[in-house]
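Visitor: Before we look at the protein together, I would like to hear how each label you use is justified. Please take the terms one by one.

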Amino acid sequence: MSETSSRDTTPEPAVSAPDVAAIGSRFLRYLPFITIAHFLIGLPALIASLALAYFAFVQADATQKMQSGGVMPFVTFGTSNGDKAGNQDIALTLTNNGVGPAILGPIEIRYEGKPVNTPIDLLEACCTDAGARPLRFSTSPSTGIAVRPGETIEFVSFPRIPASEKVWQRFNKERWKLKVRACYCSIFNDCWITEGMQGLPKAVNKCPADWSLYREDAGNRIAGADAK
């Protein structure tokens with residue numbers, strides 16, 4: 001027959017209130033060091049995360065600039081008094097010398113500081129007192145159209161013919177006094193203003209709305225004849 005011990009198990013003494021207070025005081029004493037240790041342990045991960053975020057931002061910005069630069073137009077104003085075929089036509093042109101299409105916005109032409117709104121107004125202001133409506137010249141749209149890379153738009157073309165010789169000679173001299181500025185945008189809606197010939201464009205948020213707009217006026221006159 002087995003025997004069972006009859007000794008009573010002595011319970012462990014309870015933790016007294018002063019001991020709890022001492023433990024808490026000791027924990028509070030080391031809490032700042034524990035916090036600093038956790039911060040130092042997590043600091044490399046924080047730095048790595050910030051670096052990755054910065055590099056991602058730089059890469060996205062570089063990608064956007066590459067995309068924009070790959071389709072950037074470069075529009076310049078020009079004038080000439082002859083073409084490749086030998087025709088003596090005075091032309092006012094806008095040429096896209098960039099690598100992407102240009103969406104032409106408003107254009108403003110000033111002669112001796114005053115804006116001119118149509119080709120007729122231009123010739124009457126600079127070159128004739130008899131009226132420009134009977135003269136033979138051609139126009140083309142210069143606003144709200146797309147110009148391909150390398151394409152040139154002749155928005156005024158004035159041929160040299162005997163009937164308009166005096167006006168042609170006058171216009172040939174006075175065309176250098178014209179102040180022409182135009183606004184154009186890329187397919188990504190980045191916009192620039194170009195002023196004068198071969199001038200560097202100025203970036204703008206959007207094309208201005210306060211210019212004295214030039215219009216080709218083709219609806220009111222065609223090839224020197226009044227519209228019926």
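The conversation below goes from the overall make-up to single residues.

Guide: A word on the source comes first: this is a predicted model, in which local features need pLDDT of at least 70 and side-chain atom pairs count only at pLDDT 80 or more, while totals for chains, interfaces and linings use all residues. Residues are numbered from 1 along each chain as its sequence is written, and side-chain values use heavy atoms, with hydrogens and water left out.

Visitor: What makes up the secondary structure of the protein?

Guide: The protein has three helices and twelve strands, where helices (H or I, at least four residues) and strands (E, at least two) are DSSP runs numbered from the N terminus.

Visitor: Why is Phe155 called buried?

Guide: Buried means under 20% relative accessible area, exposed means over 50%, and partly exposed lies in between, with a 1.4 Å probe and protein chains only. Phe155 has a relative accessible area of 0%, and is therefore buried. In the protein as a whole, buried residues make up 31% of the 228 residues.

Visitor: What makes Phe155 and Tyr214 an aromatic pair, and which geometry do they have?

Guide: Rings of Phe, Tyr and Trp (for Trp, the six-membered ring) pair if their centres lie within 6.5 Å, and planes under 30 degrees apart count as stacked, over 60 as edge-to-face and the rest as tilted. For Phe155 and Tyr214 the centres are 5.7 Å apart and the planes make an angle of 70°, so the pair meets the distance limit and counts as edge-to-face. Phe155 is in strand β7 (residues 152-159) and Tyr214 in the loop between β10 (202-204) and β11 (221-222), so the pair links distant parts of the chain, 59 residues apart. Tyr214 is at 3% relative accessibility and therefore counts as buried as well. Ring pairs also link Phe77, Phe155 and Tyr214 into a cluster.

Visitor: How do you know that Arg160 lies over the face of Trp168?

Guide: A charge sits over a ring if NZ of Lys or CZ of Arg is within 6 Å of the ring centre and within 35 degrees of the ring normal. Arg160 is at 4.5 Å from the ring centre of Trp168 and lies over the ring face.

Visitor: What makes a group of residues a nonpolar core, and which members of the largest one touch the most others?

Guide: A nonpolar core is a set of buried Ala, Val, Leu, Ile, Met, Phe, Trp, Tyr and Cys residues joined through side-chain atoms within 4.5 Å. The largest such core holds 33 residues, of which Leu92, Leu94, Phe155, Phe158, Phe171 and Leu178 touch the most other members. Among the elements that give two or more residues to this core are β2 (89-96), α2 (119-126) and α3 (165-174), while β3 gives the most, with five residues. In soluble globular proteins, nonpolar side chains tend to be buried together.

Visitor: How do you know that Leu92 and Leu178 touch?

Guide: Contact means heavy atoms within 4.5 Å. Leaving out residues up to four places away in sequence, Leu178 is among the residues that Leu92 touches, as are Leu122 and Phe171; Leu178, counted likewise, touches Leu92, Ile109, Arg110, Tyr111, Leu122 and Phe171. Leu92 lies in strand β2 and Leu178 in strand β8. Leu92 is buried because its relative accessible area is 0%, and Leu178 counts as buried because its relative accessibility is 8%.

Visitor: Why are the buried residues of α2 said to be on the same side?

Guide: The buried residues of α2 are Pro119, Ile120, Leu122, Leu123 and Cys126. They cover an arc of only 160° around the axis, which puts them on the same side of α2; the arc is that of the directions from the helix axis to the C-beta atoms.

Visitor: What is notable about phi in Glu112, and is Glu112 buried or exposed?

Guide: Glu112 has a positive phi of about 50° although it is not a glycine, and its place is in the loop between β3 and β4 (114-116). Glu112 has a relative accessible area of 58% and is therefore exposed. Asn189, in the loop between β8 and β9 (191-195), also has a positive phi, near 65°, and at 55% relative accessibility Asn189 counts as exposed.
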